[in-house]
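Biologist: Please take me through this model feature by feature, giving the general idea before the particular case.

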Amino acid sequence: MEVTVREAEPDDWQECGRICYEAFGTLAARHGFPPDFPTVAAAAEPIRYLINHPHVYGVVAEGGGRILGSNFLDERSTISGLGPISVDPTAQDHKVGRALMTAVLDRAVERRAPGVRLLQIAYHNRSLSLYAKLGFDVRGSFAAMYGEPLGISMPGYAVRAATSADEAACNALCVRVHGHDRAGELREAIADGNAKVVERLGRITGYTTGITYFSHSVAETTDDLQALIGAAADFGRPGFLVPLANTQLFRWSLAHDLRVFFVVNMMTIGIYQEPAGAYMPSVGY
Ligand SMILES: CC(C)(COP(=O)(O)OP(=O)(O)OC[C@H]1O[C@@H](n2cnc3c(N)ncnc32)[C@H](O)[C@@H]1OP(=O)(O)O)[C@@H](O)C(=O)NCCC(=O)NCCS
């Protein structure tokens, strides 16, 4: 079957959403894991958001007169975040995924993106192998943690909603920790009312775009991250991503009765530096 790849269009969201739900659900069931997206709507809504987002590049694969899968590249900040990629279970393992990956990587080259990153579900041997073959390096592993909100406030660590006046300090912190900012995502999270900062002695020492799977956090210390996590109202599922290399944060999360949903690997192409501080990635990177 000949497979073609084109840019995603607004009307594609329902079929791409169904495929995303079934692709992830079938895979999870085969490995004895709960589904990433509990319903078709839970998969389709994020797909609709991504297709309509002006700074997200979406592609759709077609063959035999039907949509076979989709893939996305989040271009809101310096580094591009790849995913979710999904291929109809009836069409998997026939190079459709490779075609969808190649299409967004070509786009990154065209735009001269300094780096592309993704988080890969560690139990999926096929995606791990495909991404490695395409040039992605594994940089670390992360536990998605979920559970009841902790309702903890830490003396000396003031957590409050972020405003646009905080953007410069948050972006500077991100540059210190990662070598680049995530200004586009931060600006959107502030506008949506999801971003928070933690302050010590009146100085911003950490920020989060939300303690969820889809949000990232950057801080000077693990204690700053704990203050942000402690103040979060809801983690959702699969939950926020704790670097397994941060043993203090991982054990602290377990000690607060949070549970591991699954483990994911961060994979990168292009510029990358070891983070010089505390952080939690989003599912993008
Ligand atoms: C991941 C996914 C997008 C890949 O798409 P696909 O069309 O099935 O994959 P492809 O056939 O294009 O590529 C698979 C590659 O991995 C290789 N591969 C598969 N299993 C492998 C294994 N166990 N060890 C080594 N290589 C393996 C194949 O040989 C192929 O390589 P090639 O292109 O060099 O021949 C698809 O399986 C999917 O939708 N999965 C469910 C959702 C998901 O997991 N998304 C990604 C989340 S991280």
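The dialogue below goes from the overall fold to the domains, the core, single residues and the ligand.

Biologist: Before we begin, what should I know about the numbering and the origin of the coordinates?

Modeller: Residues are numbered from 1 along each chain, following the sequence as written. The model is predicted, so local features need pLDDT of at least 70 and side-chain atom pairs count only at pLDDT 80 or more, while totals for chains, interfaces and linings use all residues.

Biologist: How many helices and strands does the protein chain have?

Modeller: Helices (H or I, at least four residues) and strands (E, at least two) are DSSP runs numbered from the N terminus, and on that basis the protein chain has 8 helices and 14 strands.

Biologist: What does the radius of gyration say about the protein chain?

Modeller: The radius is taken over C-alpha atoms, and the globule rule is 2.2 Å times the number of residues to the power 0.38. For 285 residues a compact globule would come near 19 Å, and the protein chain agrees because its radius of gyration is 19 Å. Along the principal axes, the C-alpha atoms fill a box of roughly 65 × 40 × 30 Å.

Biologist: Which domains are assigned to the protein chain, and how many residues of domain 1 are in contact with domain 2?

Modeller: Domain bounds come from an automatic or database domain assignment, which here gives domain 1 (4-113) and domain 2 (146-280). Their C-alpha centres lie 26 Å apart. Two residues are in contact if their C-beta atoms, placed from the backbone, lie within 7 Å, and 8 residues of domain 1 are in contact with 10 residues of domain 2.

Biologist: Where does the largest nonpolar core lie?

Modeller: A nonpolar core is a set of buried Ala, Val, Leu, Ile, Met, Phe, Trp, Tyr and Cys residues joined through C-beta atoms within 7 Å. A residue is buried if 20 or more other C-beta atoms lie within 10 Å of its own, exposed if 12 or fewer, and partly exposed in between, with C-beta atoms placed from the backbone. The largest core has 84 residues, of which C20 and L228 touch the most other members. Helix 1 gives the most to this core, 8 residues, and the core lies between domain 1 (4-113) and domain 2 (146-280) because both give residues to it. Leaving aside residues up to four places away in sequence, C20 touches F37, A43, I47, P84 and S86.

Biologist: Which residues of helix 7 are buried?

Modeller: In helix 7 (residues 222-230) the buried residues are D224, L225, Q226, A227, L228 and I229. Their cover includes strand 8 (158-161), strand 9 (196-200) and helix 8 (247-255).

Biologist: Is D12 buried or exposed?

Modeller: D12 counts as buried because it has 21 C-beta neighbours inside 10 Å. D12 is found in the loop between strand 1 (4-7) and helix 1, and, not counting residues up to four places away in sequence, it touches I51, V60 and I67.

Biologist: Which residues come nearest to the ligand?

Modeller: A residue is near a molecule if its C-beta atom, placed from the backbone, lies within 6 Å of it. There are 22 residues around the ligand, and A23, Q92, G97, R98 and S129 come nearest. Helix 4 supplies the largest share of this shell, 6 residues. By class the shell has 8 nonpolar, 9 polar and 5 charged residues, where Ala, Val, Leu, Ile, Met, Phe, Trp, Tyr, Cys and Pro count as nonpolar, Asp, Glu, Lys and Arg as charged, and the others, Gly among them, as polar.
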